[in-house]
Amino acid sequence: MLLRRLVPAAALLACAALVTPTAHAAGPAHSSIGSQWADPGPFEVIKESTSAHTLYRPAVLGDGGHRHAVIIWGNGTGATPEAYDDLLRHWASHGFIVAAANTKNANSGQEMLDGARFLLQENDRPGSPYHQKVDADRIGSVGHSQGGAGAINAGADPIVDTTIPLEPGPLAEPEQLHGPALFLAGQNDGIVDPQRIVLPLYERAAHVPAFYAELAGADHFEPVADGGGFRGVMTAWFRYQLAGDEQAAAEFTGPSCGLCTDPAWSDVRSNGTNDGGTR
């Protein structure tokens, strides 16, 4: 069923150029679906670096034989993982292993995929802290701006199970996605126009279960640093898709799904291939 609540769009810039996130612009406070998803998780987090990736993970891996799902991240143009450090730590605190590509040009998605492949190799390597602690069957891709396009392009690879394009740039092929996707836009984004860029990308992903959600009042720099008003919904999506969390699933399914009814979101749609409700 189509989910929709529309408000008149403000006059937004048509510019599709992608810029380096440098600061979190001041903006309105946002509520978040299931506020606990925006709160820190129970895991202590450590950060590690390779030449190609910055890794965020629970300090203790594999407790009780648990294997951790993977999130691969792509930066906005010119940015590094440091620009999103608090957000990436947040996901690790919820039990994920995050591989953030160090590239400042993530559009191809290949550097993001290299992070997943590195972790899969480490999972098989005796003596690695990741040995037999990575869930090779649960990998999600996500990125901001140019990295959002990269997340879509990475999502064409069979190793990726679900994708979150966050205010994604236009150079992407959503027709190649093979898993569920959550397209996120900022209502006041003057760089990646929600109606001209993000919504059409969502519409081109009609072959997979997909949501489109537009955060009221958010501009292009909302996700910088800690994810802003997007943090909770992204965390819930990954807990739903990659961890089988039933409470998180309720944020996206059923007649009273959290995303569908949260007034912080000015436009929410589902393409009808999931069990989302209406508002």
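Which strands does helix 1 (residues 85-93) lie across? That comes up in the third view; everything shown here is a predicted model.

**View 1. The whole sheet: nine strands in an open arrangement.** Reading across the sheet, the strand order is 1-2-4-3-5-6-7-8-9, and the pairing is mixed. Strand 1 (45-49) and strand 9 sit at the edges with a single partner strand each, so one side of each has no neighbour in the sheet. Going from one strand to the next, the twist averages 15°.

**View 2. Where strand 2 meets strand 4.** Strand 2 (residues 53-58) and strand 4 (residues 97-101) are antiparallel partners, held together over four bridges. To get your bearings, find H53: across from it in strand 4 is A101.

**View 3. Helix 1 on the sheet.** Back to the opening question: helix 1 lies across strand 1, strand 2, strand 3 (68-74), strand 4 and strand 5 (134-144). Against strand 2, helix 1 runs at about 40°.

**View 4. Helix 3 on the sheet.** Helix 3 (residues 146-154) lies across strand 3, strand 5, strand 6 (162-166) and strand 7. Take strand 5 as the reference here, and helix 3 runs at about 145° to it.

**View 5. Strand 7 and its link to strand 6.** Strands 6 and 7 run parallel and are joined by two bridges. One pair to look for is T163 with its bridge partner in strand 7, A181. Is strand 7 mostly covered or mostly open? It's mostly covered, with six of its six residues buried. In a regular strand, side chains alternate between the two faces of the sheet. Here A181, F183 and A185 are buried on one side, while L182, L184 and G186 are buried on the other. In other words, both faces of strand 7 are covered.

**View 6. From strand 7 over helix 4 to strand 8.** Strand 7 (residues 181-186), helix 4 (residues 194-203) and strand 8 together make a β-α-β unit, and a right-handed one. Strands 7 and 8 run parallel, with six bridges between them. Two of the residue pairs are handy landmarks: L184 is bridged to A213 in strand 8, and G186 has L215 as its partner there.

**View 7. Strand 8, walled in.** Why call strand 8 (residues 210-215) largely enclosed by the rest of the structure? Because six of its six residues are buried, and buried means under 20% relative accessible area. On one side you'll find A210, Y212 and E214, and on the other F211, A213 and L215, all of them buried. So yes, a glutamate is among the buried residues here: E214.

**View 8. Strand 8 against the edge strand.** Strand 9 (residues 265-270) runs antiparallel to strand 8, and five bridges join the two. Here L215 has W265 as its bridge partner in strand 9. That makes L215 a good spot to pause, with G186 of strand 7 also bridged to it.

**View 9. The disulfide.** How many disulfides turn up in a search of the whole structure? Just one is found. It links C257 and C260, with the sulfur atoms 1.6 Å apart. The link is right-handed, at 85° about the S-S bond. Check the two ends for exposure and you'll see that C257 is buried, at a relative accessible area of 0%. C260 is buried too, with a relative accessible area of 0%.

Note on methods: Residues are numbered from 1 along each chain as its sequence is written. This is a predicted model: local features need pLDDT of at least 70, side-chain atom pairs count only at pLDDT 80 or more; totals for chains, interfaces and linings use all residues. Side-chain values use heavy atoms; hydrogens and water are left out. Buried means under 20% relative accessible area, exposed over 50%, partly exposed in between (1.4 Å probe, protein chains only). Two strands pair if DSSP finds at least two bridges between them. A crossover is right-handed if, with the strands pointing away from the viewer, the path from the first strand over the helix to the second runs clockwise. Axes are lines fitted to C-alpha atoms, for helices over the stretch in contact, and angles run from 0 to 180 degrees between N-to-C directions. Contact means heavy atoms within 4.5 Å. A disulfide is a pair of cysteine sulfur atoms within 2.5 Å.
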